[in-house]
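Colleague: Got a minute to walk me through this one? I'd like to get my bearings.
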Amino acid sequence: MLLIHCPYCDEDRPELEFRNAGEAHIARPENIAEISDEEFAQFFFIRTNPKGLIYERWRHIHGCARFFNAVRDSVSDKFLMTYKAGEKRPTVKAGEKA
Amino acid sequence: MADASRIHPLAGRKVANPAVTLTPAEPAARLSLRARPDAVAALSKALGVKLPEMPKRSATSKSGGRAALWLGPDEWLVIDTAGGDPLADCAKVKALHSAVDISHRNTAILVEGKGAEATLSAGCPQDLSLTVFPVGACSRTILGKIEVVIWRTGETAFRVECWRSFSAYAFDFLEEAARDAPIAA
């Protein structure tokens, strides 16, 4: 079982307590009523889905219930680091443990 | 007229083996309390329990009849087993907060004895050993297929808070796990 570090509980917790919540750092357009359908679709549906380093939102749903962000390697499934929601996107190199 | 009486969801159930006993807890008043840091001091004063601000911590009132369990950075579970009314106490607080009475949403199972830790570990993925989960520690977590709040009230005593409608599942699960506890403990 994977252990995921929750930045709010400040502890490694079993993966069963967590739920993935999609890609992180997607800003909702401020003028959402004015943008075109294509632009909306781009914001709403299109995700980067990279092979390798991915920034994701996770939720410690069966724990403190808080959303946080994680940097994960989609090839090895390893978590490189986790950080609180609202914090700046950190720069992490693939294969490096932050 | 129909006679309407409230029946404990685990009425009549009990497990006692040499290593572990399972007892349905007496009804208690419970609150789901949400508040920002600026309201914590006022709420603590009104409730008579200092709301813990560190993860996995719990605090009890001086008389021991009321406890506040840290569930999240702005979320607590308040349990009053002494017949008090924590909701009325919170209502006096002017600071912004949300207090919801969940006395009848939850019920609890007391797991006690030297096999208590082994019994819970059968279904809980968290490390419940004394070094990581000391007396007074509490956490919302998983037991088998359901979400529970586990609170360590003593070295070999736990209180498992679960939803009322899930309590039959929780009790059955713990009953089965308790059979193996004498071997594991």
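Colleague: How many residues does each chain put into the contact between chain A and chain B?
Modeller: Chain B gives twelve residues and chain A gives 14 residues. Keep in mind that this is a predicted model.

Colleague: Which elements of chain B give two or more residues to that side?
Modeller: Those are S5 and strand S9 (138–143) of chain B. The largest share, four residues, comes from S9(B).

Colleague: And what classes of residue are on the side of chain B that touches chain A?
Modeller: It's a mix: five nonpolar, four polar and three charged residues.

Colleague: OK, switching to chain A. What's its pattern along the sequence?
Modeller: Reading along, you get β-β-β-α-β-β-β, so to speak one helix and six strands.

Colleague: How much of chain A is buried?
Modeller: Buried residues make up 18% of its 98 residues. The C-alpha trace of chain A spans about 45 × 30 × 20 Å along its principal axes.

Colleague: Back to chain B, then. Which domains is chain B divided into?
Modeller: Domain 1 takes in 15–26 + 105–184, and domain 2 covers 29–101. Their C-alpha centres lie 23 Å apart.

Colleague: How many residues does each domain give to the contact between them?
Modeller: Ten come from domain 1 of chain B and nine from domain 2 of chain B. On the domain 1 side, S9 and strand S10 (146–154) of chain B each supply at least two residues. S9(B) has the largest share there, with three residues.

Colleague: Hang on, S9 again?
Modeller: Yes, S9(B) gives the largest share of the side of chain B that touches chain A, and also of the side of domain 1 that touches domain 2 of chain B.

Colleague: What about the open sheet in chain B: in what order do the strands come?
Modeller: The five strands go S4-S5-S6-S3-S7, with antiparallel pairing. Strand S4 (58–60) and strand S7 (97–101) of chain B are the edge strands, and each pairs on one side only. Neighbouring strands are turned by 20° against each other on average, direction ignored.

Colleague: How many bridges join S4(B) to S5 of chain B?
Modeller: Three, and the two strands run antiparallel. As an example to look up, B:Thr60 has B:Ala67 in S5(B) as its bridge partner.

Colleague: Last one: which strands does helix H1 of chain B lie across?
Modeller: Helix H1 (residues 37–47) lies across strand S3 (29–35), S5, strand S6 (75–80) and S7 of chain B. The helix runs at about 160° to S3(B).

Definitions and conventions: Residues numbered from 1 in each chain as written. Chains lettered and ligands numbered in written order. Predicted model: local features only at pLDDT ≥ 70, side-chain atom pairs only at ≥ 80, totals over all residues. Pairing = 2+ DSSP bridges. Axes fitted to C-alpha atoms, helices over the stretch in contact; angles between N-to-C directions. Contact = placed C-beta atoms within 7 Å. Nonpolar A, V, L, I, M, F, W, Y, C, P; charged D, E, K, R; others polar. Buried ≥ 20, exposed ≤ 12 C-beta atoms within 10 Å, placed from the backbone. Domains from an automatic or database assignment.
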